[in-house]
Amino acid sequence: MKTNISVVIPSYKVTEYILDVIKDIPEFVNHIIVVDDKCPQNSGQIAKTSSDSRVIVCYHEKNLGVGGAVVTGYKKALELNSDIVIKIDGDGQMDVNYMQKLIQPILDGKADYTKGNRFTDFKALRAMPKVRLFGNSGLSFLVKAASGYWNLMDPTNGYTAINKHALEELDLDNIAKRYFFESDMLINLNIENAVVFDVEIPAKYGDEKSSLSITKTLVGFPPKLFKGLCKRIFLKYFIYDFNMLSLYLVVGLPMLLFGIVFGSIKWIEAIVSNIETSTGTIMLAVLPIILGTQFILQAIQIDMNNIPRKEK
């Protein structure tokens with residue numbers, strides 16, 4: 001049976017590139033879903049002028065952000081009974097010649113979701129704007145911890161593919177709608193135990209302008225990632241399962257917090273009263289901090305070993 005493949009292209013201020021992107025999409029793709037996210041340049045109308053019969057244009061009455069546009073595209077792809085859905089941007093940064101490579105692990109039954117990785121090609125790294133390189137590097141570790149996919153690099157890469165089963169398991173309406181979308185996808189995919197693969201794909205950078213604010217990303221992402229981490233840990237290790245990681249956290253976190261709070265109080269009291277703190281009091285603060293830290297590190301080790309994998 002032939003695999004039904006769709007490509008989703010969120011479209012916002014990409015009128016200069018959208019037709020070229022559509023023109024280059026390989027013939028094995030069955031549907032090209034362009035989502036006009038209330039684009040002030042009417043990029044959806046531009047896309048409709050393409051002679052490619054595979055093009056389907058969806059319109060938003062208000063701007064929902066890249067995530068909202070992708071979700072609309074995903075829902076349309078499911079309506080079209082797509083087996084695999086590829087997401088690319090409309091600005092031409094993602095080389096469509098790598099689509100076959102991107103979906104191959106899914107076709108082989110090795111992965112449910114694949115994503116591009118720009119961090120394995122030194123030439124691509126040198127070509128990447130320094131601000132983007134710094135931002136991606138800084139966020140990578142935080143996204144790994146929040147999502148639980150410790151084996152991934154370049155986790156915010158938006159060149160992705162997903163199979164029908166994983167897409168149907170996700171609660172698409174509750175995934176972040178703007179630039180946190182890719183990270184939130186990984187968090188929710190881990191909760192569903194979806195297998196995610198990195199695929200080496202260099203990025204292309206031309207004269208396109210990114211509307212992503214580095215400042216907003218650095219300020220806005222960490223709280224969202226922490227919330228996502230708490231959600232994942234709670235669901236995976238306290239609702240769906242309870243194992244040694246759960247126990248380590250139940251014991252380790254209170255001990256660490258007690259040691260920090262108790263030690264801080266006693267340290268302040270010693271400064272105010274100018275009286276030396278006894279060795280016993282110091283140990284009562286230090287020991288819970290040491291043990292709590294060890295328990296939490298052990299929990300992290302278990303989480304790193306618990307990355308979703310296909311059964312052999």
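This is a dialogue about reading a predicted model of one protein chain.

Trainee: How many helices and strands are there in the chain?

Mentor: A count of elements is a good place to begin. The chain has 11 helices and seven strands. As the model is predicted, treat what follows as a reading of that model.

Trainee: In what order do the seven strands form the sheet?

Mentor: Strand numbers follow the sequence from the N terminus, while the order in a sheet is read across neighbours. Here the order is E3-E2-E1-E4-E6-E5-E7, in an open sheet with mixed pairing. Strand E3 (55-59) and strand E7 (196-200) stand at the edges; each has a single partner strand, so one side of each lacks a neighbour in the sheet. On average, neighbouring strands are turned by 20° against each other, with direction ignored.

Trainee: In which sense do strand E1 and strand E4 pair?

Mentor: Look at the bridges between the two strands. E1 (residues 5-11) and E4 (residues 84-87) pair in the parallel sense, over four bridges. To see one of them, find Ile5, whose bridge partner in E4 is Ile84.

Trainee: Which strands does helix H3 touch?

Mentor: For a helix on a sheet, read two things: the strands in contact and the angle between directions. Helix H3 (residues 65-79) packs on the sheet and touches E1, strand E2 (31-36), E3, E4 and strand E6 (160-163). The direction of H3 makes about 155° with that of E1.

Trainee: And which strands does helix H8 lie across?

Mentor: Helix H8 (residues 181-191) lies across E4, strand E5 (113-117), E6 and E7. It runs at about 140° to E5.

Trainee: How many residues of H8 are buried?

Mentor: The cut-off is a relative accessible area under 20% for a buried residue. In H8, 11 of its 11 residues are buried, so by this cut-off the helix is mostly covered. Among them are Phe181, Met185 and Leu189, but also Glu182, Asp184 and Asn188. Just after H8, Asn193 takes a positive phi of about 60°. For the chain, buried residues make up 47% of the 312 residues.

Trainee: With which residue of H8 does Lys87 form a salt bridge?

Mentor: To read a salt bridge, find the closest N and O atoms of the two side chains, then ask where each residue sits. Lys87 forms a salt bridge with Glu182, and their closest N and O atoms are 3.4 Å apart. Lys87 lies in strand E4 and Glu182 in helix H8, so the pair ties together parts that are 95 residues apart in sequence. Lys87 also meets Asp89 in a salt bridge, at 2.8 Å from N to O. Lys87, Asp89 and Glu182 are thus linked in a network of salt bridges.

Trainee: Is Lys87 buried or exposed?

Mentor: A charged residue still has to be checked against the cut-off. Lys87 has a relative accessible area of 2%, so it is buried. Glu182 counts as buried too, at 10% relative accessibility.

Trainee: Which residue forms a salt bridge with Asp198?

Mentor: The partner is Lys115, with the closest N and O atoms 2.6 Å apart. Asp198 is in strand E7 and Lys115 in strand E5, 83 residues apart, so read this pair as a link between distant parts of the chain. Lys115 is buried, with a relative accessible area of 0%. Asp198 is partly exposed, at 25%. In the whole count there are 11 salt bridges.

Trainee: Which residues make a nonpolar surface patch?

Mentor: A patch is read from neighbouring side chains that reach the surface. Ile282, Met283, Val286, Leu287, Ile290 and Leu291 make a nonpolar patch of about 480 Å². One of these, Ile290, is found in helix H11 (residues 279-304). Ile290 counts as partly exposed, at 44% relative accessibility. The chain as a whole exposes about 16400 Å², of which carbon and sulfur atoms supply 59%.

Trainee: How far apart in space are Gln298 and Met244?

Mentor: Separation in sequence and distance in space are read separately. Gln298 and Met244 are 54 residues apart in sequence and 9.1 Å apart in space, C-alpha to C-alpha. Gln298 is found in helix H11 and is partly exposed, with a relative accessible area of 36%. For the chain, take the contacts with a separation of 6 or more: residues 24 or more positions apart account for 76% of them.

Technical notes:
Residues numbered from 1 in each chain as written. Predicted model: local features only at pLDDT ≥ 70, side-chain atom pairs only at ≥ 80, totals over all residues. Heavy atoms only, no water. Patch = residues over 30% accessible without salt bridge, like charges linked within 9 Å, V, L, I, M, F, W, Y side chains within 5 Å. Areas by Shrake-Rupley, 256 points an atom, 1.4 Å probe, with all protein chains shown as cover. Salt bridge = Lys/Arg side-chain N within 4 Å of Asp/Glu carboxyl O. Buried < 20%, exposed > 50% of the residue type's maximum accessible area, 1.4 Å probe, protein only. Pairing = 2+ DSSP bridges. Axes fitted to C-alpha atoms, helices over the stretch in contact; angles between N-to-C directions. Contact = heavy atoms within 4.5 Å.
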